[in-house]
Amino acid sequence: MKERQTYEIERVLQEMRDEYWRGIEEGGETAAIETRDYVVFRLAGERYALPSTVAREVLRMPRLVRVPRVAGHIRGVINLRGQIVAVTDLRPLLGLAGEETPANGQLIVVEAAGLVTALLTERVEGIRTLAVMDIEPVTEGLSGFPRAAAEGQVVGEDGLLVLLDLANILARPEFVIDQKGE
């Protein structure tokens, strides 16, 4: 009986050594894959993502203060700890359906292209890490969607995820305020 236990211990130790070395080899391969983090959210029933580097925070929908005579994609402003921030609805800019403010929506406060704004979303799903090699160019199938607004797409088990190029979107002429009235 004692010989059998010794044999089992040696076998178990060898399996543990093999598993240890296999883990180190696989870990080295994983570290070589370039990844990026994205904030995933829903808009007009579809899934979109922004680089997490442009996102400051996620907020529940606060009370919006409407501002007269502003562009249609500006839904209002919020007071964010003393800073007045415009709330931007990306749907008209991206050619998406929907005009109502989502009842249980959330805002993603972002900073890109020299602007700070809160993006109106239906729901924020969370942060997702994507391998750069999995990002594909936007397909022709996104009818009416401005291709320059996307840096790519990822097709996964949970469907299509469009990665938005927020710097490109916020640099559009709709975001330039003409204070001289020219």
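## Overall make-up

Of the 182 residues in the protein chain, 33% are buried. Keep in mind as you look around that this is a predicted model. The chain exposes about 11,700 Å², and carbon and sulfur atoms supply 51% of that area.

The secondary structure consists of 3 helices and 10 strands. Following the sequence, you will meet them in the order α-β-β-β-β-β-α-β-β-β-β-β-α. Contacts across the sequence are worth a look too: taking those between residues at least 6 apart, 56% join residues at least 24 apart.

## Strand pairing around β10

Strand β10 (residues 159-164) is a good place to begin with the strands, and β2 (residues 46-51) is one of its partners. These two run parallel and are joined by 2 bridges. Within this pairing, Y48 stands opposite V162 of β10.

Strand β9 (residues 150-156) also pairs with β10, here in an antiparallel arrangement with 6 bridges. The two strands form a hairpin, with 2 residues between them. Two positions help to trace the pairing: V154 stands opposite L161 in β10, and G152 has L163 of β10 as its bridge partner.

## A closer look at A49

A49 sits in strand β2. A49 counts as buried because its relative accessibility is 0%, and the limit for buried is under 20%. Beyond its neighbours within four places in sequence, A49 is in contact with Y38, V39, V40 and F41, and also with L161, V162, L163 and L164.

V124 offers a long-range reference point for the same residue. Although A49 and V124 are 75 residues apart along the chain, their C-alpha atoms are separated by 9.4 Å.

## Nonpolar cores

In soluble globular proteins, nonpolar side chains tend to be buried together. Here, the largest nonpolar core has 24 residues, and L50, L94 and L164 have the most contacts inside it. The elements that give two or more residues to this core are β1 (35-43), β2, α2 (90-94), β6 (106-112), β10 and α3 (166-170). Apart from this core lies another, of 10 residues, which includes L64, L80, V87 and L120.

Back in the largest core, what does L94 touch, not counting residues up to four places away in sequence? Its contacts are L43, G144, F145, P146, A149, L164 and I169. One of them, L164, is itself among the residues with the most contacts inside the core.

## A nonpolar patch on the surface

Some nonpolar residues are found on the outside. I9, V12, L13 and M16 form a surface patch, with about 360 Å² of accessible area together. M16 belongs to helix α1 (residues 2-31). With a relative accessible area of 53%, M16 is exposed, because the limit for that class is over 50%.

## Salt bridges

The whole structure contains 12 salt bridges. One of them joins the side chains of R22 and E19, with an N to O distance of 2.9 Å. Both residues lie in helix α1, 3 residues apart, which is about one turn of the helix. R22 is partly exposed at 40% relative accessible area, and E19 is likewise partly exposed at 47%.

A salt bridge also links the side chains of R81 and E57, at 2.4 Å from N to O. R81 is in the loop between β4 (74-80) and β5 (83-88), while E57 is in strand β3 (residues 55-60), so this pair ties together parts that are 24 residues apart in sequence. R81 is exposed, with a relative accessible area of 66%.

Is the salt bridge between R91 and D89 made by an arginine that is buried or exposed? R91 is buried, with a relative accessible area of 4%, and D89 is buried as well, at 1%. Their side chains meet at 2.8 Å, N to O. Finally, there is a network of salt bridges to explore, linking R42, R47, R123, E125, R128 and D158.

How values were computed. Residues numbered from 1 in each chain as written. Predicted model: local features only at pLDDT ≥ 70, side-chain atom pairs only at ≥ 80, totals over all residues. Heavy atoms only, no water. Helix = DSSP H or I, 4+ residues; strand = E, 2+ residues; numbered from the N terminus. Buried < 20%, exposed > 50% of the residue type's maximum accessible area, 1.4 Å probe, protein only. Contact = heavy atoms within 4.5 Å. Areas by Shrake-Rupley, 256 points an atom, 1.4 Å probe, with all protein chains shown as cover. Pairing = 2+ DSSP bridges. Core = buried A, V, L, I, M, F, W, Y, C linked by side-chain atoms within 4.5 Å. Patch = residues over 30% accessible without salt bridge, like charges linked within 9 Å, V, L, I, M, F, W, Y side chains within 5 Å. Salt bridge = Lys/Arg side-chain N within 4 Å of Asp/Glu carboxyl O.
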